[in-house]
Amino acid sequence: MCSARANPGKKRRAVFLDRDGTIAEEVGYANHISRFVVYPFAAAAIKRLNDAGMPVIVVTNQSGVARGFFPQSLVLEMHEKMAQELAAGGAHVDGMYYCPHIRDDGCSCRKPLPGMLEQAAREHDLEIRGSVLVSDRYNDIQMGHSAGCRTILVLSGYGRGEYQWNRPKWPRQPDHVVENLADAVEVILKEMR
Ligand SMILES: [Mg+2]
Ligand SMILES: [Zn+2]
């Protein structure tokens with residue numbers, strides 16, 4: 001029986017994860033499979049969310065597709081690689097969403113627009129408000145705030161530099177700032193369930 005039926009009207013809260021700089025190394029435009037390196041702590045961290053029964057949804061901007069730097073098939077190949085590495089650690093993500101566009105395309109999925117969150121919410125019966133968003137970019141944190149999420153900035157990827165140089169300009173601070181995804185999960189399981 002599907003969970004929506006078993007639990008009518010009760011939507012689950014999710015953990016929305018950025019990809020580059022949060023789950024995998026931030027390398028600028030990841031334009032070859034060899035440059036896609038999942039952090040060594042990612043599988044164990046995501047497994048803890050799986051074990052806690054929290055839906056895990058990845059939302060990533062991949063404008064390199066629209067820019068012609070690499071094909072959409074490479075994004076899918078990376079997501080397959082990610083799924084395999086997570087599976088090797090007993091972990092999985094419940095949804096993978098990416099925006100292949102540039103801003104000029106006028107799409108509704110490019111972060112910080114909330115299109116991917118909304119699509120995931122429809123497809124997985126999630127409540128965005130009260131969900132958690134984890135990212136290394138303040139852009140994403142702002143999207144989380146506007147959508148009513150709790151937010152965690154990780155200092156991996158662009159996070160440390162953003163935090164050091166741009167924090168005074170931020171209209172609203174992230175709810176938590178932690179070293180990496182492993183620590184973010186620690187915070188989620190302790191304080192934010
Ligand atoms: Mg990122
Ligand atoms: Zn888009």
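A pocket, as the term is used here, is an open set of grid points with protein on both sides within 12 Å along at least five of seven lines. In this predicted model, the largest pocket has a volume of about 500 Å³. Its lining comprises 20 residues, and the closest to the pocket centre are Glu26, Asn61, Arg110, Arg137 and Tyr158. Strand S2 (56-61) and helix H5 (138-147) each contribute at least two residues to this lining, which by class holds nine charged, seven polar and four nonpolar residues.

A zinc ion (ligand 2) is bound through Cys99 (SG), His101 (ND1), Cys107 (SG) and Cys109 (SG), at 2.0 to 2.3 Å, and along the sequence these donor residues follow the spacing C-x1-H-x5-C-x1-C. The arrangement around the zinc ion (ligand 2) counts as tetrahedral because the four donor atoms subtend angles of 99 to 117 degrees, and the criterion for four donors is that all angles lie between 85 and 135 degrees. Of the donor residues, Cys107 and Cys109 are both buried.

Two backbone features are listed below.

| Feature | Backbone angle | Location |
|---|---|---|
| Cis peptide bond, Lys111 to Pro112 | omega about 15 degrees | Pro112: loop between strand S3 (95-99) and helix H4 (115-124) |
| Positive phi, Asp125 | phi about 55 degrees | Asp125: loop between H4 and strand S4 (126-135) |

Asp125 has its positive phi although it is not a glycine. With a relative accessibility of 26%, Asp125 is classed as partly exposed, because that class covers the range between the buried limit of under 20% and the exposed limit of over 50%.

Conventions
Residues numbered from 1 in each chain as written. Chains lettered and ligands numbered in written order. Predicted model: local features only at pLDDT ≥ 70, side-chain atom pairs only at ≥ 80, totals over all residues. Heavy atoms only, no water. 1 Å grid on protein atoms, 1.4 Å probe; cavity = no way out; pocket = protein on both sides within 12 Å on 5 of 7 lines; lining within 4 Å. Points joined across faces, edges and corners; volume = space filled by probe spheres on them. Helix = DSSP H or I, 4+ residues; strand = E, 2+ residues; numbered from the N terminus. Nonpolar A, V, L, I, M, F, W, Y, C, P; charged D, E, K, R; others polar. Donors = N, O, S within 2.8 Å, 3.2 Å for Na, K, Ca; no water. Tetrahedral: all angles 85-135°; square planar, octahedral: opposite > 155°, others 65-115°. Buried < 20%, exposed > 50% of the residue type's maximum accessible area, 1.4 Å probe, protein only.
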